[in-house]
Amino acid sequence: MKYCANCGKEMADNDTVCAQCGAPAQKTTANYIDDTSPTTAKPDEWMESIPEPPVYLSNYAGDESLTRPSSGGWMYEAIACFIVSLVGLLFYPFILGIVAVVLGIVSLRKFKQMQQRGKGLAIAGIVIGAVDLIYYALSLFVAGLIFY
């Protein structure tokens, strides 16, 4: 099957024009290998003989958001890092502080690959997560001084 380069509608292999928009079909050539016959070629030669699949200009009717990784949106790990670090100030600071720091580091590593919003939230989450851990350590120290 092939797709129209103009509108993205699915076309039969023998169609010369698109039934929906009337655009001329792309000419493609494809060489197929009969997989049922035994081969005596070496593995490297066999891999070189496999043709590349045909490439069409657009299979998605011009919607580039389906072909590229998303960019420009919010990174959910950074938002989760910030929220977990804030909740960690009130409940379970040790566990949630560790989770916030780990989520923040994962978010910052992903920012190198994809341009998304929320880098400041990830940094703030790491800082507040560290404050959670320091708060927990100080509370253990003070509790040790009081009860011993």
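Here are a few friendly notes on a predicted model, covering one helix pair, two residues of helix 4 and the cysteines.

1. Let me start with the helix pair. Helix 3 spans residues 93-111 and helix 4 spans residues 119-147, and their axes come within 8 Å of each other. The crossing angle is roughly 155°. Angles over 145 degrees count as roughly antiparallel, and helix 3 and helix 4 are therefore roughly antiparallel to each other. If you want the handedness as well, the crossing of these two helices is left-handed.

2. Which residues of helix 3 and helix 4 make the contact? From helix 3, the contributors are Pro93, Phe94, Gly97, Ile98, Ala100, Val101, Gly104, Ile105, Ser107, Leu108 and Phe111. Helix 4 brings Lys119, Ala122, Ile123, Gly125, Ile126, Gly129, Ala130, Asp132, Leu133, Tyr135 and Tyr136. By character, the residues of this contact divide into 15 nonpolar, five polar and two charged. Glycine is counted among the polar residues here, which is worth keeping in mind when you read that division.

3. Ile123 deserves a look of its own. This residue lies in helix 4 and is one of those that make the contact with helix 3. Is Ile123 buried or exposed? With a relative accessible area of 42%, Ile123 is partly exposed. Val101, which belongs to the helix 3 side of the contact, is 22 residues from Ile123 in sequence, and their C-alpha atoms are 9.1 Å apart in space.

4. Val131 is also placed in helix 4. Its relative accessibility is 42%, so Val131 counts as partly exposed. For a pairing to check on screen, try Val131 and Gly88: they are 43 residues apart in sequence, while the C-alpha to C-alpha distance is 9.4 Å.

5. Now to the cysteines. How many disulfides does a search of the whole structure find? The count is zero. For Cys4, the closest cysteine sulfur is in Cys21, at 3.6 Å, which is too far for a bond. The cut-off behind that reasoning is 2.5 Å between the two sulfur atoms. Seen from the other side, Cys21 is in no disulfide either, and its nearest cysteine sulfur is that of Cys4.

6. The surroundings of these two cysteines can be read from their accessibility. Cys4 has a relative accessibility of 1% and so counts as buried. Cys21, at 33% relative accessibility, counts as partly exposed. Buried means under 20% relative accessible area.

Technical notes: Residues are numbered from 1 along each chain as its sequence is written. This is a predicted model: local features need pLDDT of at least 70, side-chain atom pairs count only at pLDDT 80 or more; totals for chains, interfaces and linings use all residues. Side-chain values use heavy atoms; hydrogens and water are left out. Axes are lines fitted to C-alpha atoms, for helices over the stretch in contact, and angles run from 0 to 180 degrees between N-to-C directions. Helices (H or I, at least four residues) and strands (E, at least two) are DSSP runs, numbered from the N terminus. Angles under 35 degrees count as roughly parallel, over 145 as roughly antiparallel, 65 to 115 as roughly perpendicular and the rest as oblique. A crossing is left-handed if the near helix is turned anticlockwise from the far one by less than a right angle, and right-handed if clockwise. Contact means heavy atoms within 4.5 Å. Buried means under 20% relative accessible area, exposed over 50%, partly exposed in between (1.4 Å probe, protein chains only).
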